[in-house]
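Open your viewer and keep the selection panel handy. We will go from stop to stop, picking residues and looking at what is there.

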Amino acid sequence: MNDKIRELLDEITKLEDELRTALSEQQSGMFFQIKGKRIEFEQSVKEAHERLKTNFFRWLVTNRPQNLITGPIIYAMIIPLVITDVFVSFYQLMCFPIYGIKKVRRGDYIVFDRQHLSYLNFIEKFHCTYCAYGSGIIGYVSEIIARTEQYFCPIKHAHKILGTHGRYARFLDFGEAENYEAKLEEYRQSLENEK
């Protein structure tokens, strides 16, 4: 990887950190506090949320019919999601210690906090919980696979691919064979030294 690309990647990482900080600061101005796993809104915000909540029967009548019709298909996806969760978690539990790879924390990816939003009715909260689990699992699995790829094969593809994980940009260029084994060992060492 040439120096210009490395500089750009470092700048991107710095900007992503700044963005996370700015988003966190913006959230802190939203009249809520995070206390452990609980989220507490100011009383005036809680009252406003309660007034905005759509009751179940009104929600059912005003909801798009295609959402109700496709619901069973969407919720059937829980089966492959749970199976994937179990198998990938087992793989990480058994193999990452052997490889010296720091484990991925599920709690960093799967977060259930939308149930604290009073403006959602119980069906909307259920939907949010399902989506939080589904998208969280995909992120969790993606990071486990990304760390595995960094350990075994940190090489970019010759063809441009979409939706790469955050580690991919720092992988070796396709065909960069010089000192491959030494560089591979550096990638593996960096996995052991992660925070």
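## First stop: K156 and its partner

Start by selecting K156, which is buried, with a relative accessible area of 15%. That label applies because buried means under 20% relative accessible area. Keep in mind as you look around that this is a predicted model.

Now add D173 to the selection. The side chains of K156 and D173 form a salt bridge, at 3.2 Å from N to O. Both K156 and D173 sit in the loop between α6 and α7, and the pair links distant parts of the chain, 17 residues apart. Unlike buried K156, D173 is partly exposed, with a relative accessible area of 29%.

## Second stop: around R167

Next, select R167 and show its side chain. Is R167 buried or exposed? R167 is buried, at a relative accessible area of 14%.

Which side chain does R167 meet at 2.6 Å, N to O? Add E194 to see this salt bridge. R167 lies in the loop between α6 and α7 while E194 is in the segment after α7, so this pair ties together parts that are 27 residues apart in sequence. E194 itself counts as partly exposed, at 24% relative accessibility.

Leave R167 on screen and bring in E143. These two side chains also meet in a salt bridge, with an N to O distance of 2.7 Å. E143 belongs to helix α6 (residues 122-152) and R167 to the loop between α6 and α7 (180-192), so the contact ties together parts 24 residues apart in sequence. Here both E143 and R167 are buried.

To finish this stop, add R147 as well. With E143, R147, R167 and E194 all selected, you have a network of residues linked by salt bridges. For the wider picture, the structure holds 8 salt bridges.

## Third stop: a nonpolar patch

Clear the selection and move to helix α5, which covers residues 78-99 and includes V82. How exposed is V82? V82 is partly exposed, with a relative accessible area of 36%.

Now switch to a surface view and select I79, V82, I83, V86 and F87. Together they form a nonpolar patch on the surface, with about 480 Å² of accessible area. V82 can be one of its members because patches are made of residues with over 30% relative accessible area and no salt bridge, and V82 has 36%.

Key: Residues are numbered from 1 along each chain as its sequence is written. This is a predicted model: local features need pLDDT of at least 70, side-chain atom pairs count only at pLDDT 80 or more; totals for chains, interfaces and linings use all residues. Side-chain values use heavy atoms; hydrogens and water are left out. Patches are made of residues with over 30% relative accessible area and no salt bridge: like charges are joined within 9 Å, nonpolar side chains (Val, Leu, Ile, Met, Phe, Trp, Tyr) within 5 Å. Accessible areas come from the Shrake-Rupley method with a 1.4 Å probe; for residues, only the protein chains shown count as cover. A salt bridge is a side-chain nitrogen of Lys or Arg within 4 Å of a carboxyl oxygen of Asp or Glu. Helices (H or I, at least four residues) and strands (E, at least two) are DSSP runs, numbered from the N terminus. Buried means under 20% relative accessible area, exposed over 50%, partly exposed in between (1.4 Å probe, protein chains only).
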